[in-house]
Amino acid sequence: MNGITIALSKGRIFEETLPLLAAAGIEPREDPETSRKLIIPTSRDDVRLVIVRATDAPTYVQYGAADLGVAGKDVLLEHGSEGLYQPIDLKIAKCRMMVAIPAGFDYGNAVRQGARLKVASKYVNIARQHFAAKGVHVDLIKLYGSMELAPLAGLADAIVDLVSTGSTLKANNLIAVEHVMDISSRLIVNQAALKLKRETLEPILDAIAAVVDR
């Protein structure tokens with residue numbers, strides 16, 4: 001396609017990206033939550049959206065299957081962002097990466113004693129770097145489903161996961177004890193596309209940046 005392809009994931013990122021795209025005159029002609037299509041046309045004939053998993057957005061952009069995309073900082077750090085230009089922090093889909101434990105677990109004492117903690121996370125690279133910087137030895141267990149179950153079932157002492165409101169932690173008798181980092185979503189751009197399609201891409205980037213900076 002000679003036009004522009006934008007990779008987006010369903011859900012919160014898609015909804016919060018819509019006003020930014022609208023500022024650039026780009027509006028999807030169908031709702032991905034109700035449409036079965038994975039490629040969605042927009043109000044601009046030269047722009048289309050591809051609906052991907054959140055963790056796949058950087059891959060589509062990196063390999064040129066999409067020119068632009070939106071991905072969370074967590075995904076970019078965990079899966080790598082080689083070959084990607086990240087010009088704009090969109091300041092959307094905000095949440096926090098936290099260490100959480102079951103209520104009653106003496107996390108501070110366990111860390112001070114140098115015990116090996118069992119930590120479950122979808123974000124094992126981020127978790128590894130966090131604990132390594134603290135000099136804490138951990139055994140990391142990668143999970144893909146609900147992290148909250150791991151300490152409840154005795155699989156792990158703690159979890160590293162995204163926290164938005166904290167209601168899911170509270171419902172499962174877990175408490176957040178350590179802030180790892182703040183997370184928001186970034187606009188990502190294929191570097192080759194930025195050179196080859198600069199005339200088309202730059203006005204889109206400028207329009208989105210103007211909305212974010214308001």
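Is L84 buried or exposed? In this predicted model, L84 has a relative accessibility of 8%. The cut-off for a buried residue is under 20%, so L84 counts as buried. L84 sits in strand 5. Beyond its neighbours within four places in sequence, L84 makes contact with P58, V61, Q62, L76, I188, V189 and Q191. Not every residue lies so close to L84: the C-alpha atoms of L84 and G11 are 23 Å apart in space. In sequence, L84 and G11 are separated by 73 residues.

Strand 5 belongs to an open sheet of 6 strands. The strand order is 2-3-1-4-11-5, and the pairing is mixed. Strand 2 (39-41) and strand 5 stand at the edges of the sheet. Each of these two has a single partner strand, so one side of each lacks a neighbour in the sheet. From one strand to the next, the twist averages 30°.

Helices also pack on this sheet. Helix 1 (residues 12-23) touches strand 1, strand 3 (47-51), strand 4 and strand 11 (185-190). The direction of helix 1 makes about 145° with that of strand 1. Helix 9 (residues 198-212) lies across strand 1, strand 4, strand 5 and strand 11. Helix 9 runs at about 35° to strand 5.

Within the sheet, one pairing can be followed in detail. Strands of a sheet pair through backbone hydrogen bonds, either parallel or antiparallel. Strand 1 (residues 4-8) and strand 4 (residues 68-72) pair in the parallel sense. This pairing runs over 2 bridges. I6 stands opposite L68 in strand 4.

The loop after strand 5 was examined next. This loop lies between strand 5 (84-89) and strand 6 (95-102), and K91 is found there. A93 lies in the loop between strand 5 and strand 6 as well. Which sign does phi take at K91? Phi of K91 is positive, at about 60°, although K91 is not a glycine. A93 is also a residue other than glycine, and its phi is positive, near 50°. Most residues other than glycine have a negative phi.

How accessible are these two loop residues? K91 has a relative accessible area of 48%, so K91 is partly exposed. The limit for an exposed residue is over 50%. A93 has a relative accessibility of 10%, so A93 counts as buried.

Methods
Residues are numbered from 1 along each chain as its sequence is written. This is a predicted model: local features need pLDDT of at least 70, side-chain atom pairs count only at pLDDT 80 or more; totals for chains, interfaces and linings use all residues. Side-chain values use heavy atoms; hydrogens and water are left out. Helices (H or I, at least four residues) and strands (E, at least two) are DSSP runs, numbered from the N terminus. Buried means under 20% relative accessible area, exposed over 50%, partly exposed in between (1.4 Å probe, protein chains only). Two strands pair if DSSP finds at least two bridges between them. Axes are lines fitted to C-alpha atoms, for helices over the stretch in contact, and angles run from 0 to 180 degrees between N-to-C directions. Contact means heavy atoms within 4.5 Å.
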